[in-house]
Amino acid sequence: AKQGGRNTYRFFTPEMQAQSARALTLENALRRALEREQFTLHYQPQVCLASGRLRGVEALLRWQHPELGAISPAEFIPLAEDSGQILAIGDWVLRTALAQLNTWQRASHAVPGVAVNLSAVQFRQPGMPERIRQMLAEAKLPAQVLELELTEGVALDDPQAASATMDQLNALGVRLAIDDFGTGYSSLSLLKRFPIHKLKIDQSFVRDLGEDASDRALVSAIVRMAQALGIETTGEGVETPQQLAFLLEQGCTEAQGYFCARPMPGDALPGWLHAHPQA
Ligand code: C2E
Ligand code: CA
Ligand code: CA
Ligand code: CA
């Protein structure tokens, strides 16, 4: 379907051709990226708003290609999803993040848990909950330390299947977060039907909290609704002390963003913890 009919490519503009050439180049380079060890994970702290303590870190994938340079996950993840490569890459991300958490914890660094982004393609893979159970067992970690960040899209085409998978993950003891909350379609019915532990309020709502009264109203309403349902909230993309103060005042659970900490390599986190005592 992606190749289009004979009649469609006539309408390709030069920019469209350049774009699809880049996509093809990246898709081919992606095929070798895992074995050539071009991926790394960076970790971004998620900080309790009330106490300032570290509650966990989000694992964020980085791809450094020798010729193409650093490629943004926003660009290559969709390609990896289309080509199915996200399954192998996603397994690597899960294993690596769990192994890193294990390393921190064995060295007595106060990192309570790790959050991993799970693509809808991975989420729909048959047997995913069992795979995750095995990876936790291999890493010798209890399920409670792992939080899976899902987008609202996972429930779009088959809410019943999605609900069954979430129930299985929940039964394992893994925590479930809805990422980019508020940008998708089925937000409210998701909350009613699914065992969700956390809503991550999308950065687009946090960005303009200072200037935009409707964003303030939306964030405030999301936090109160989540509180009433016993669900935690994370403000994403927090860049200023004003945004942080507003989220705290609303009763939001935690903050994530450059104001608290940038994503960093795993071996930099102990230094960050040292500079931010967890007393
Ligand atoms: P996301 O899950 O919403 O992750 C948050 C993104 O916001 C990250 O971009 C992070 O670096 C960035 N960010 C954090 N704090 C701030 C801030 O204060 N201001 C601004 N402007 N940005 C901030 P990144 O690392 O480029 O990742 C982009 C997206 O790629 C992620 O969005 C996620 O959807 C996807 N992604 C990243 N790693 C993975 C992965 O391992 N698996 C999957 N399936 N997707 C991933
Ligand atoms: Ca995320
Ligand atoms: Ca997000
Ligand atoms: Ca996003």
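1. A residue is called buried here when its relative accessible area is under 20%, and on that criterion both Glu58 and Glu149 are buried. The structure is a predicted model, and the points below should be read with that in mind.

2. Glu58 and Glu149 belong to the site of the calcium ion (ligand 2), whose protein donors are Glu58 (OE), Asn117 (OD1), Glu149 (OE) and Asp179 (OD), at 2.1 to 2.3 Å from the ion. The site links distant parts of the chain, since Glu58 sits in strand β2 (residues 54-65) and Glu149 in strand β5 (residues 146-151), 91 residues apart. Read along the chain, the donors of this calcium ion follow the spacing E-x58-N-x31-E-x29-D.

3. The calcium ion (ligand 3) is held by Asp179 (OD), Asp180 (OD) and Glu236, the last of these entering twice through OE atoms, with distances of 2.3 to 2.5 Å. Its donor residues are spaced D-D-x55-E in the sequence, with Asp179 and Asp180 among them.

4. The two sites should be considered together, because Asp179 bridges the calcium ion (ligand 2) and the calcium ion (ligand 3), which lie 4.0 Å apart. Asp179 has a relative accessible area of 8% and therefore counts as buried, the cut-off being under 20%. Asp180, a donor to the calcium ion (ligand 3), has a relative accessible area of 27% and is therefore partly exposed, a class that lies between 20% and 50%.

5. Turning to helix packing, helix α1 (residues 14-33) and helix α2 (residues 73-83) pack at an angle of about 70°, with their axes 10 Å apart. Because angles of 65 to 115 degrees count as roughly perpendicular, this description applies to α1 and α2. On the α1 side the contact is made by Arg22, Ala23, Leu26, Glu27 and Leu30, and on the α2 side by Glu75, Phe76, Leu79, Ala80 and Ser83. Sorted by class, the contact of α1 with α2 comprises six nonpolar, one polar and three charged residues.

6. Helix α5 (residues 128-138) and helix α6 (residues 159-172) pack at an angle of about 20°, and their axes are 9 Å apart. That angle makes α5 roughly parallel to α6, because the term covers angles under 35 degrees. The crossing of α5 past α6 is right-handed. Pro129, Ile132 and Arg133 of α5 meet Thr165, Gln168, Leu169 and Leu172 of α6, and by class this contact has four nonpolar, two polar and one charged residues.

Methods: Residues numbered from 1 in each chain as written. Chains lettered and ligands numbered in written order. Predicted model: local features only at pLDDT ≥ 70, side-chain atom pairs only at ≥ 80, totals over all residues. Heavy atoms only, no water. Axes fitted to C-alpha atoms, helices over the stretch in contact; angles between N-to-C directions. Helix = DSSP H or I, 4+ residues; strand = E, 2+ residues; numbered from the N terminus. Parallel < 35°, antiparallel > 145°, perpendicular 65-115°, else oblique. Left-handed = near helix turned anticlockwise from the far one by under 90°. Contact = heavy atoms within 4.5 Å. Nonpolar A, V, L, I, M, F, W, Y, C, P; charged D, E, K, R; others polar. Donors = N, O, S within 2.8 Å, 3.2 Å for Na, K, Ca; no water. Buried < 20%, exposed > 50% of the residue type's maximum accessible area, 1.4 Å probe, protein only.
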